[in-house]
Amino acid sequence: MKNRCSFLSTIGLAALMSAAVAFAAPAPGAEASAEEKAKVGEAAPNFTLDDANGKSHSLSDYKGKIVILQWINPDCPICRRVSKAGLVTKMAKECKALNKDIVHLAINSTAGMPGSTSAKYLKKHKIKALALIDGDGKVGHRYGARTTPHIFVIDAEGILRYQGAIDDDPRGGKEDATNYVVNAVRQISSGETVSPDYVKSYGCSVKYAD
Amino acid sequence: MRNALTNAMLGLVVLLGAVADACGQFKPSQGRQKSAEDLVAVSFVSDTARIAPGQTFHLAIVFEIEPHWHIYWVSPGASGLPTQVDIIAPEGFVVGEPLYTRPQAFGSSETLEGLTYGYEKNAVLFVPITAPVDLKKGSASFQADILYLVCKSFCLMGNINRSLTLETDDKENHASIGVDPILARAKDRLPQALEQLEESKVAFDGKLLTVRISAGDSKTATLYPIELPGITYENPKVVLKGDFFIATVEVEINPDNALGEEMKLVGVVGLGKNRDDPSYMFELSLSKP
């Protein structure tokens with residue numbers, strides 16, 4: 001899958017690359033350089049972000065676990081819809097049933113939004129994910145997160161195996177909706193190739209600072 | 001002195017608020033929040049007053065959108081949600097696929113947010129309906145379930161229902177179609193088939209999709225690719241060569257991501273800059289013959 005970040009112009013890319021990003025060591029079992037963009041089938045770029053309490057978390061902390069990255073924005077009505085309908089908690093429960101070694105990180109790249117907002121939002125919707133703050137949007141840019149929600153699934157070796165939509169039900173209310181995250185976790189856990197490995201995400205645009 | 005201090009503090013608060021808003025950090029939770037229904041007035045109409053047996057007519061969803069806000073096209077681009085309608089029709093009526101008028105582009109391909117496609121100010125979404133040939137005299141009621149995402153610096157989602165009852169005839173009538181000037185103008189914005197333009201053609205070499213289209217009097221043109229599962233587009237470009245526009249876009253195909261749907265390259269080329277200017281739809285199947 002071609003990285004959709006390649007839409008970035010040379011100018012935008014240069015500006016992005018010149019920005020100082022404090023990335024830690026490469027993801028476990030993977031060799032991603034500090035400036036590489038997220039691409040399905042390749043090492044997921046490592047990152048370090050703070051949670052609402054100011055504690056730092058790196059992707060490399062979750063060595064040996066499947067990691068679900070979910071871009072969120074509590075002000076986005078589509079994020080709220082999938083959370084309110086219980087789709088995210090159901091997804092997390094089903095993923096956990098498939099594989100106990102799984103971590104769910106909810107990243108908020110909304111400019112100017114306090115970290116506590118994400119934590120409160122997750123608590124309100126009973127979503128057991130860790131809220132991480134990407135206020136300057138650098139991790140979001142590196143992953144090419146375009147919408148809220150936008151999902152990335154990383155396997156235990158640190159390889160990005162899926163990115164895109166949470167499910168095939170943008171409208172909501174579909175009885176037999178397919179959750180692509182559960183699908184990816186199931187396939188990773190059983191050693192299969194993840195298919196589909198990309199489905200266009202839907203939702204509000206990520207409200208980046210730049 | 002106290003008043004002066006109070007005024008200064010108030011001024012500071014107003015200034016900070018203005019700066020926050022200008023920086024795109026407006027919090028919709030502050031103050032009274034408008035609903036999607038406040039921002040978009042939706043009406044459900046038809047281009048025919050009386051339905052005749054076997055007649056094909058259009059139901060139309062008319063959106064009047066608050067200035068500076070927009071809703072989305074069938075293929076919203078980098079983000080967003082397609083404006084959608086589900087029609088529930090009486091038994092015997094055949095409901096066609098919704099028809100979207102030419103969109104306009106928002107944002108920039110120079111940023112990660114990317115280009116999105118949709119409508120500002122107003123939009124009309126048509127749904128073709130064919131009546132049964134054994135239609136009886138009386139009336140027919142239609143329900144429309146409409147979903148839209150309306151965005152500016154933040155987004156709101158609208159999901160509303162509208163109903164419409166039309167008279168029916170048991171024989172052919174002479175009620176004219178398209179007399180409503182708003183609907184007539186909107187119908188003119190529907191993309192026409194590219195094949196109807198002489199010497200226009202669509203070609204795909206496995207990597208690059210090329211659409212050649214007669215330029216007529218137009219000086220500019222825009223390519224609006226429609227993203228279907230398993231197909232991604234990058235770097236759409238249009239150049240004028242002689243009497244033709246040559247629109248190109250890089251295509252990446254991954255059948256594993258097609259979700260079982262037919263793989264085809266679909267899109268619209270719009271001539272000129274305005275959404276009232278002519279536009280043409282192309283479709284190229286990737287299925288083997």
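**Two chains, a shared core and a helix pair**

Strands β16 and β19 (residues 264–271) of chain B pair in the antiparallel sense over six bridges; strands are DSSP runs (E, at least two residues), helices are DSSP runs (H or I, at least four residues), both numbered from the N terminus, and two strands pair if DSSP finds at least two bridges between them. This is a predicted model, in which local features need pLDDT of at least 70 and side-chain atom pairs count only at pLDDT 80 or more, while totals for chains, interfaces and linings use all residues. Residues are numbered from 1 along each chain as its sequence is written, and chains are lettered from A and ligands numbered from 1 in the order in which they are written.

Within the β16–β19 pairing of chain B, B:Leu223 has B:Val269 of β19(B) as its bridge partner. The two strands belong to an open sheet of four strands in chain B, ordered β13-β20-β19-β16, with mixed pairing. Its edge strands are β13 (192–193) and β16 (221–226), each of which pairs on one side only.

Chain B as a whole has three helices and 20 strands. Of its 289 residues, 32% count as buried, that is, with 20 or more other C-beta atoms within 10 Å of their own; 12 or fewer makes a residue exposed, anything in between partly exposed, and C-beta atoms are placed from the backbone. Chain A has six helices and 10 strands, and 50% of its 210 residues count as buried. Contacts (C-beta atoms, placed from the backbone, within 7 Å) can be sorted by sequence separation. In chain A, residues 24 or more positions apart account for 73% of the contacts with a separation of 6 or more; in chain B, 70% of the contacts between residues at least 6 apart join residues at least 24 apart.

The largest nonpolar core has 118 residues, and those with the most contacts inside it are A:Val153, A:Val181, B:Ile71 and B:Val150. A nonpolar core here is a set of buried Ala, Val, Leu, Ile, Met, Phe, Trp, Tyr and Cys residues joined through C-beta atoms within 7 Å. Strand β11 (residues 138–151) of chain B gives the most to this core, with eight residues. Domain 1 (36–188) and domain 2 (192–285) of chain B both contribute residues, so the core lies between them; the domain bounds come from an automatic or database domain assignment. Beyond its neighbours within four places in sequence, A:Val153 touches residues including A:Ile66, A:Ile68, A:Val181 and A:Val185.

A:Val181 and A:Val185 also lead to a helix pair. Both sit in α6(A), where, with A:Val182, A:Arg186 and A:Ser189, they meet A:Met91, A:Glu94, A:Cys95 and A:Leu98 of α3(A). The axes of these helices come within 9 Å and cross at roughly 5 degrees; axes are lines fitted to C-alpha atoms, for helices over the stretch in contact, and angles run from 0 to 180 degrees between N-to-C directions. The two helices are therefore roughly parallel, the term for angles under 35 degrees.

Helix α3 (87–98) of chain A also helps cover the buried residues of α2(A), as do β6 (147–148) and β10 (204–205) of chain A and β12 (155–168) of chain B. Those buried residues are A:Pro77, A:Ile78, A:Cys79, A:Val82 and A:Ser83. Just after α2(A), A:Gly86 takes a positive phi of about 80 degrees.

A:Val82 and A:Asp169 are 87 residues apart in sequence and 9.8 Å apart in space, C-alpha to C-alpha. A:Asp169 lies in the loop between β8 (160–164) and α6 (180–189) of chain A. With 19 other C-beta atoms within 10 Å, A:Asp169 is partly exposed.

Technical notes:
Contact = placed C-beta atoms within 7 Å. Parallel < 35°, antiparallel > 145°, perpendicular 65-115°, else oblique.
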